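Trainee: Could you walk me through this model, starting with how a nonpolar core is defined?

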Amino acid sequence: MTIRLLLVDDDPLVRAGLTLMLGGDAAVEIVGEGSDGSEVPDLVARLAPDVVLMDIRMPHVDGLTATELLRARPGAPEVIVLTTFHADEQVVRALRAGAAGFVLKDTPPAEIVAAVRRVAAGDPVLSPAVTRQLMSHVAGLPEARPRRAGAAERLAGLADREREVAVAVGRGASNAEIAAELYMSVPTVKTYVSRLLAKLGLNNRVQIALLVHDAGLLDQDPRDGTGE
């Protein structure tokens, strides 16, 4: 299946470069371009992309605002944000707003295509190593401590198996990795992830990971590598 991709960046050279790099891949069809977040709702309504690749920093409506507004709509496409930093506060805000992941602007084309494919398939873009780096950054933000009690309360109603899946998602594990670890089938893992999203009122698995981290569950998980 061809993935319909919308590019949004205020720099025409960046858009041209991305079009050149990604346009030759048979798995991706670039259905349109935008230069500002204000254009995103109309472009999405007209072009029906599966994935939006969007710059965080734009002059009028930035990628954060555009992501939040877009992901609040039913049937919204997935969003991958473009950034220049791995652990940037704006990246965290974009992920909390509903972005499925992020890629650096100097990421090789093959890796960007792989990220687009993973998001379209419902798998995480963030590797465990990047997830740990990002979560470490989140822990240092001023709002980290006030978030903990609220996050723990939201997760308190989960069944044991749901909690295990949530913690695995928090570590950045893929559906296949979770299935092997918890002795489930991949479809069962997908069912649990969908159940978690509905139960917790979240948009995607990255938000599950952030909530798990906010609640401190990764601090209690011996398989997490952050304490090594």
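Mentor: Gladly. A nonpolar core is a set of buried Ala, Val, Leu, Ile, Met, Phe, Trp, Tyr and Cys residues joined through side-chain atoms within 4.5 Å. Keep in mind that this model is predicted.

Trainee: Which element gives the most residues to the largest nonpolar core?

Mentor: That core has 26 residues, and Leu155, Val165, Ile208 and Val212 have the most contacts inside it. The elements giving two or more residues to the core are helix 7 (144-155), helix 8 (160-170), helix 9 (175-182), helix 10 (186-200) and helix 11 (205-214). With six residues, the one that gives the most is helix 10.

Trainee: How many residues are in the other core?

Mentor: This core lies apart from the largest one. Its members include Val31, Val52, Met58 and Ala66, and its residue count is 24.

Trainee: Now the sheet, please. Which strands stand at its edges?

Mentor: Five strands make up an open sheet with parallel pairing, in the order 2-1-3-4-5. An edge strand has a single partner, so one side of it is left without a neighbour in the sheet. Here those are strand 2 (28-34) and strand 5 (101-104).

Trainee: Which residue of strand 4 stands opposite Val51?

Mentor: Strand 3 (residues 51-55) pairs with strand 4 (residues 78-83) in the parallel sense, over five bridges. Opposite Val51, in strand 4, stands Glu78.

Trainee: What angle does the direction of helix 2 make with that of strand 1?

Mentor: Helix 2 (residues 40-47) packs on the sheet, where it touches strand 1 (3-8), strand 2 and strand 3. Its direction and that of strand 1 make an angle of about 160°.

Definitions and conventions
Residues are numbered from 1 along each chain as its sequence is written. This is a predicted model: local features need pLDDT of at least 70, side-chain atom pairs count only at pLDDT 80 or more; totals for chains, interfaces and linings use all residues. Side-chain values use heavy atoms; hydrogens and water are left out. Two strands pair if DSSP finds at least two bridges between them. Helices (H or I, at least four residues) and strands (E, at least two) are DSSP runs, numbered from the N terminus. Contact means heavy atoms within 4.5 Å. Axes are lines fitted to C-alpha atoms, for helices over the stretch in contact, and angles run from 0 to 180 degrees between N-to-C directions. Buried means under 20% relative accessible area, exposed over 50%, partly exposed in between (1.4 Å probe, protein chains only).
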